[in-house]
Amino acid sequence: MRVSDALAVSATGVRKTFGDAVVLDDADLRVPANDVTLLMGPNGAGKTILLSCLCGALSPDDGDVEVLGRSPTEARTDLSFMIQGGLALPDLTGRENLEFYAGLHPRATDEWRDIVDWLDLDRDALDKPVRDYSGGMTRKLELAATLSVDVPLYLLDEPSAELDMTTIDRLHSYLRDLVDDGKTVVFTSHEPMDADIASHVAFVQHGERVAAGDPDALLADVPRVLRVDGRRLVGDVSEFVRDGRLFEDGQERRGFLQDGATVDLAKRTIPDDSNREKVAAADPTYADMFNYYTRVRSWD
Ligand SMILES: Nc1ncnc2c1ncn2[C@@H]1O[C@H](COP(=O)(O)OP(=O)(O)OP(=O)(O)O)[C@@H](O)[C@H]1O
């Protein structure tokens, strides 16, 4: 993927409060132009609010936001924003929704007709009211509305949520094509496989950006993983992993080895031979990377 030195978005010291609740606190974000940037973080970390400040839907209480070299309001017609669950009008059919949105944005195209096919949204479904759609169908409709606008910058809030694996692959290939056409994409996700298409990942925690960079470089800094097969283990390995935490991942639990700890030392604390075999070392995955930067690594 091409990486450019120019910035499509620059946000510095952004603060956003709702009453006493501080949602963004001195948040910084740099989005390289002509690239895919992924924002990851736990529920409630402030990702949607940050995107909303970038697109001008919300005004920060403090800080500077520059989008395509201008204020978000000035750049409004040069970006397309998908807020999850916030676009589709339930009483209109899918087709009526798409025609409605195509009439709103000055740079809308009729490419939604191809995008609904590409995302495999059933043509018959287009003539049904959106209130009868599943979550995944609604997401496909919102993506078709957002991506059929021809702009330099796309801001997408959880585009892959509720999509099946095949559709996520198709979405990835669509986003790659956008970047090949010179566009910039910023999107949020909880889905580790989304890191595959990003050249830049930023982790958000408690309204602050806590780590950012090339996903492979971030992955290289994640400590080695201690993996436990199965959900039950008679014996305690928690003292060998950071914060004493093991994260469930399918049929296994995974934690990050403490400095100086080894899997062999952890095994020795387990009395039963067969249980010892359930403990092993593993290389970190993108799912581990998410847990490490948002739940384990201390930033004080
Ligand atoms: N209009 C609002 N008034 C008050 N608090 C709000 C408002 N909108 C969001 N919040 C709060 O801001 C915090 C951040 O919300 P946000 O939706 O940005 O999180 P998120 O990182 O996108 O989470 P998720 O991954 O669950 O979508 C949450 O604690 C939320 O309750």
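**Note on the predicted model: two sheets and a ligand shell**

1. In the bridge between neighbouring strands, Asp-249 has Glu-252 of β12 as its partner. The model is a predicted one. This bridge belongs to the pairing of β11 with β12 (residues 252–256), which is antiparallel and runs over three bridges.

2. β11 and β12 sit in an open sheet of four strands, ordered β11-β12-β10-β13 and paired antiparallel. Its edges are β11 (247–249) and β13 (279–282), each of which pairs on one side only. From one strand to the next, the twist averages 35°.

3. Which strands does helix α9 lie across? Helix α9 (residues 286–296) crosses β10 (225–229), β11 and β12, and its direction is at about 55° to β12.

4. There is also an open sheet of six strands, with the order β5-β6-β7-β3-β8-β9 and mixed pairing. The edge strands here are β5 (79–82) and β9 (208–213), and each pairs on one side only. On average, neighbouring strands of this sheet are turned by 15° against each other, direction ignored.

5. At the β9 edge, strand β8 (residues 200–205) pairs with β9 in the antiparallel sense over five bridges. Within this part of the sheet, Ala-202 stands opposite Ala-212 in β9. Helix α4 (residues 135–147) packs on the sheet, where it touches β5 and β6 (153–156), and its direction makes about 170° with that of β5.

6. Helix α5 (residues 165–180) lies across β3 (36–40), β6 and β7 (184–189). The angle at which α5 runs to β7 is about 150°.

7. As for the ligand, the residues around it are Phe-18, Ala-21, Val-23, Gly-41, Asn-43, Gly-44, Ala-45, Gly-46, Lys-47, Thr-48 and Ile-49. Two elements, β2 (21–32) and α1 (47–55), give two or more residues to this shell. The largest share comes from α1, with three residues.

8. What is the make-up of the shell around the ligand by class? The shell has five nonpolar, five polar and one charged residues.

9. The UniProt record, an unreviewed entry, carries the annotation "domain: ABC transporter" for residues 9–231. In the model, the chain over residues 9–231 is 27% helix and 29% strand. The C-alpha atoms at the two ends of this stretch are 43 Å apart.

Conventions: Residues are numbered from 1 along each chain as its sequence is written. This is a predicted model: local features need pLDDT of at least 70, side-chain atom pairs count only at pLDDT 80 or more; totals for chains, interfaces and linings use all residues. A residue is near a molecule or strand if its C-beta atom, placed from the backbone, lies within 6 Å of it. Ala, Val, Leu, Ile, Met, Phe, Trp, Tyr, Cys and Pro count as nonpolar, Asp, Glu, Lys and Arg as charged, and the others, Gly among them, as polar. Two strands pair if DSSP finds at least two bridges between them. Axes are lines fitted to C-alpha atoms, for helices over the stretch in contact, and angles run from 0 to 180 degrees between N-to-C directions. Two residues are in contact if their C-beta atoms, placed from the backbone, lie within 7 Å. UniProt positions are given in the numbering used here, feature names are shortened, and annotations may be inferred rather than shown by experiment.
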